[in-house]
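Thanks, everyone. I will take a few minutes on one model and then we can discuss it.

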Amino acid sequence: MALVGLHTETSRSAQREAPAGPAKDPLAGMTVLTAEGQEPAQKGIQITEKALKRIRVAMAKEGVSPEQGGLRVGIQGGGCSGLSYNIRFDSQPRERDRVYSFGAGLETVNDPTNGAPIRLFVDPKSFIYLHGMVLDYEESLMRQGFNFINPNSTKSCGCGSSFTA
């Protein structure tokens with residue numbers, strides 16, 4: 001037995017004319033932090049308060065000093081969509097890195113740093129693809145990890161760890 005779908009001309013035209021609806025705001029309900037010395041409208045990198053909390057906890061666990069080290073965020077070739085996000089701790093910035101500082105004096109729950117600022121390091125090549133990005137942290141029953149909310153991404157894979165710009 002074969003299943004056959006029946007579409008009338010009116011249903012096709014209704015589909016074409018139906019409004020797409022309002023686009024979902026990927027930052028809805030999040031507290032987004034702007035780096036020190038940066039205006040919110042500037043095309044730098046921002047993080048959410050959840051990401052700040054998680055970075056602080058992970059830095060303390062790894063023994064990375066907030067005064068000297070930081071979180072290196074970048075991209076590399078690879079993944080199903082062409083470019084993959086890369087995130088790791090680094091002991092100090094490199095000569096040509098852009099350095100962003102977040103959360104000075106802003107204490108988070110169970111903050112091991114007592115409100116010390118954390119720094120993000122971005123190399124010049126990665127900045128081309130990451131400017132305007134917001135780094136978030138998600139913790140749910142299905143998923144736990146950092147989310148890269150990147151306006152430069154034109155296509156991403158199902159797992160969310162690679163993208164095309």
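I will go through one sheet first and then the salt bridges. Keep in mind that this is a predicted model.

The sheet is open and has four strands, in the order 1-2-7-8, with mixed pairing. Strand 1, residues 32-34, and strand 8, residues 144-149, are the edges, and each of them pairs on one side only. On average, neighbouring strands in this sheet are turned by 25° against each other, direction ignored. Strand 2, residues 46-48, runs parallel to strand 7, residues 134-139, and the two pair over two bridges. Within that pairing, Ile-47 sits opposite Leu-135 of strand 7.

Now the charged pairs. The count is five salt bridges. One of them joins Arg-56 to Asp-111, with the closest N and O atoms 2.9 Å apart. Arg-56 is in helix 2, residues 49-62, while Asp-111 is in the loop between strand 5 and strand 6, so to speak a link between distant parts of the chain, 55 residues apart. Are these two partners buried or exposed? Arg-56 is buried, because its relative accessible area is 0%, under the 20% cut-off. Asp-111 also counts as buried, at 9%.

Next, Arg-72 and Asp-90: here the closest N and O atoms are 2.7 Å apart. Arg-72 belongs to strand 3 and Asp-90 to strand 4, so this salt bridge ties together parts 18 residues apart in sequence. Arg-72 is buried at 5%, and Asp-90 is buried at 15%.

Arg-143 and Glu-138 form another salt bridge, 3.4 Å from N to O. Arg-143 is partly exposed at 31%, and Glu-138 is partly exposed at 26%. Finally, shared partners join Arg-72, Arg-88, Asp-90 and Asp-97 into one salt-bridge network.

Definitions and conventions: Residues are numbered from 1 along each chain as its sequence is written. This is a predicted model: local features need pLDDT of at least 70, side-chain atom pairs count only at pLDDT 80 or more; totals for chains, interfaces and linings use all residues. Side-chain values use heavy atoms; hydrogens and water are left out. Two strands pair if DSSP finds at least two bridges between them. Axes are lines fitted to C-alpha atoms, for helices over the stretch in contact, and angles run from 0 to 180 degrees between N-to-C directions. A salt bridge is a side-chain nitrogen of Lys or Arg within 4 Å of a carboxyl oxygen of Asp or Glu. Buried means under 20% relative accessible area, exposed over 50%, partly exposed in between (1.4 Å probe, protein chains only).
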